[in-house]
Amino acid sequence: MHTSTTSTGSLEPWTAQQLMEATQGYWYQERCPEQPIKRILTDSRQAEAGDAFLALKGERFDAHDFVAQVLDKGCQVAIVERPLDLDMMQLVVTDTRQALGRLGAYRRQQNPQLKVIALTGSSGKTTTKEMLGSILSRLAPTLVTRGNLNNDLGVPMMLLELTAEHQYAVMELGASHQGEIDYTSQLVQPQVAGIINVGTAHLGEFGGREGICRAKSEIYAHIAKDGTSVIPAADDFTDAIRHAVQTTRVLSFGEGGDIYATEMTLLAQSAQFMLHTPQGVREVNLPFAGLHNVQNATAATAFALAIGISLDDIVIGLELAQGAKGRLNFISHKQHLFIDDTYNANPTSMRAAGEVLAQQSGIKVMVTGDIGELGDAAAVEHYRLGRDLVSQDINFVVTIGEFAPAALEGARSTRYGKKMQAFLTQAQALPFLMSLVETHQPQSMSFLFKGSRYTHMETLMADLMEKI
């Protein structure tokens, strides 16, 4: 898993007293560990002596069922909602999910030296986070959200990794329901926070973009009074976002904002532009393709300036940044180019990926999987996507999944309908992709693979690379 976290050695241990204070629980039969606890974990498979296992309960699982297994592995301490008939030390709390949040918040409060950036948005969160990680970790030890640990469980898990050495933290906050960002931003207590954009990711859960905007705007409620709110200047919801801001200091990015880009040159695998800020203007050679990544870079600049980083350090960090795995990674294979953008997808990022593919050379083939979490809007969103993708400068669009027929219908509403082929499964699409390579020999081809996480488009990409 890609991370730009600066390693700072071992985790800070916990005393029995601290665990009790943080969780507001009690030690069952007054038995508590005398030695410090190395780490708190929620994955029973990794538990060992010196750990405390926190037993979470979900709709479909109850980790209390695994406590006996961690005891067999030598783990002597469990954090539980009800005492278990086991010979081990048990910290009993009212709600283990809440206890995890409290432990994360306690760790955050123990590190007042920390400068925290929190960010959210419908697309571009991860790339902006990686850019910030690159800027900050050059300067001092920095904790950066790993993978998709951006929800009500992931955020406190990340906070548990804080040590006294960390000077910065970049926390990505995701929203899958109203109130989630309110909860996680309260845990992280950011000095600087903001929304990158309001798109159509998770449309289903929020019943429309207004709902998404409301959910994401919760991030502004927990910024330090003397902190800074970062906002997009040219978003459809900029006015609503401004309304949610509670700090005096505000920095905006994007067209018409405090920080913006001009003289953009979009190259096949990178971008060049002039970066305008209140601190001056600099030229940036960004190792990321696409206009959307120039926008992400202006957002990263706003967050970094707000936390006191110099413009020179920001530019160096942007130029050294690397993408996360599955986010527009360029892979050369034989004479062909494969662009791995399989980590996730929403309608905005899907169109942006098409624009990046259009910049490449040779025969351009976009291979897309379904986009999830669109609720009732799924069919119409896929229809629009099919219509828009075939209208881009791409030779073939191969779409796969339950909503492939809707995308095909959209493609056929344009005069470019013949560019699209629709399949229900990857197994059906693979022979077609192989035949495309054969019929265009010896020309070079550029493939871009993208879909929501659950579609596992990286599997199809690997299969095709193996076969050609």
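**Exercise 1.** Which backbone oxygen does the side chain of Lys-125 reach, and at what distance?

*Solution.* Before we start: this is a predicted model, where local features need pLDDT of at least 70, side-chain atom pairs count only at pLDDT 80 or more, and totals for chains, interfaces and linings use all residues. Residues are numbered from 1 along each chain as its sequence is written, and side-chain values use heavy atoms, with hydrogens and water left out.

Step 1: look at the Lys-125 side chain; its partner is the backbone oxygen of Gly-121, at 2.8 Å.

Step 2: place the residue. Lys-125 is in helix H4; helices are DSSP runs of H or I with at least four residues, strands are E runs of at least two, and both are numbered from the N terminus.

Step 3: check burial. Lys-125 has a relative accessible area of 14%, so it is buried (buried is under 20%, exposed over 50%, partly exposed in between, using a 1.4 Å probe and protein chains only).

**Exercise 2.** Find what Gly-124 is in contact with, leaving aside its neighbours within four places in sequence.

*Solution.* Step 1: go to the loop between strand S6 (115-120) and helix H4 (125-137), where Gly-124 sits.

Step 2: list the contacts (heavy atoms within 4.5 Å). With those neighbours left aside, they are Ile-196 and Asn-296. Under the same kind of exclusion, Lys-125 touches residues including Glu-172 and Ile-196.

Step 3: compare accessibility. Gly-124 comes out as partly exposed, because its relative accessibility is 21%.

Step 4: check the record. An unreviewed UniProt entry puts a "binding site" feature at Gly-121, Ser-122, Ser-123, Gly-124, Lys-125, Thr-126 and Thr-127; the positions use the numbering here, feature names are shortened, and annotations may be inferred rather than shown by experiment.

**Exercise 3.** Work out how Phe-338 and Phe-447 are arranged, and what their pairing ties together.

*Solution.* Step 1: apply the ring rule. Rings of Phe, Tyr and Trp (its six-membered ring) pair if their centres lie within 6.5 Å; planes under 30 degrees apart are stacked, over 60 edge-to-face, and the rest tilted. That gives 5 aromatic pairs.

Step 2: for Phe-338 and Phe-447, the centres are 5.1 Å apart with 15° between the planes, which is stacked.

Step 3: locate the partners. Phe-338 is in strand S16 (residues 336-340) and Phe-447 in strand S20 (residues 445-450), so the pair links parts 109 residues apart in sequence.

Step 4: add Phe-449. Phe-338 also stacks with Phe-449, at 6.3 Å centre to centre and 15° between the planes. Together, Phe-338, Phe-447 and Phe-449 make one aromatic cluster.

Methods
A polar contact is a pair of N or O atoms within 3.5 Å; within protein, one must be able to donate a hydrogen and the other to accept it, and residues adjacent in sequence count only if both atoms are side-chain atoms.
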